[in-house]
Amino acid sequence: MAPLIILTLVLMWQAVLVGYAYTLAGNAADEGVRAGTAVPRGERFGVCEQAALKHLSGAWRGGATVESCGGTGYVTADVAIKVPVLFPGSIDFPVTVHGHAGAVEEVKR
């Protein structure tokens, strides 16, 4: 019975990591797009990428990428994070979760 309980706990923990990866990806995309709306279009991707990855810990940042950040009028950002196996910073599943966010570009005067 003990192996079955341990296996169940491991699977539940892995499910928590998958859910947390989705939360982190969505938050990173939101932070990136928020920063990207406040800068000129030529500087947008760099600022967006820096803001998106800023709040991720080192273990999660290693498997995270900002796929796009841009737009005219309506700025969008897409962030991809790899799902770790049992512990962030160790082996990653071949599964990547994606976060997407958008915001209206700020008027600059």
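Colleague: Before we start, what makes a helix crossing left-handed or right-handed?

Modeller: Picture one helix in front of the other. If the near helix is turned anticlockwise from the far one by less than a right angle, the crossing is left-handed. If the turn is clockwise, the crossing is right-handed.

Colleague: Okay, so which hand does the crossing of α1 and α2 have?

Modeller: This is a predicted model, by the way. In it, helix α1 (residues 2-36) packs on helix α2 (residues 44-54) at an angle of about 145 degrees, with the axes 7 Å apart. Among the residues making the contact are Ala28 and Val33 of α1, and Val47 and Cys48 of α2. As for the hand of the crossing, it's right-handed.

Colleague: What kind of aromatic pair do Tyr20 and Trp60 form?

Modeller: You describe a pair of rings by the distance of the centres and the angle of the planes. For Tyr20 and Trp60, the centres are 5.5 Å apart and the planes sit at 80 degrees. Planes over 60 degrees apart get their own label, so this pair is edge-to-face.

Colleague: Which of those two, Tyr20 or Trp60, is buried?

Modeller: Buried means under 20% relative accessible area. Tyr20 has 42%, so Tyr20 counts as partly exposed. The other ring has just 8%, so the buried one is Trp60.

Colleague: Which residue does Cys48 join in a disulfide?

Modeller: Cys48 lies in helix α2, and its partner is 21 residues away in strand β1 (residues 64-70). The two sulfurs are 2.3 Å apart, and the link is right-handed, with 100 degrees about the S-S bond. The partner is Cys69.

Terms used:
Residues numbered from 1 in each chain as written. Predicted model: local features only at pLDDT ≥ 70, side-chain atom pairs only at ≥ 80, totals over all residues. Heavy atoms only, no water. Axes fitted to C-alpha atoms, helices over the stretch in contact; angles between N-to-C directions. Helix = DSSP H or I, 4+ residues; strand = E, 2+ residues; numbered from the N terminus. Contact = heavy atoms within 4.5 Å. Phe/Tyr/Trp six-rings, centres within 6.5 Å; stacked < 30°, edge-to-face > 60°. Buried < 20%, exposed > 50% of the residue type's maximum accessible area, 1.4 Å probe, protein only. Disulfide = S-S within 2.5 Å.
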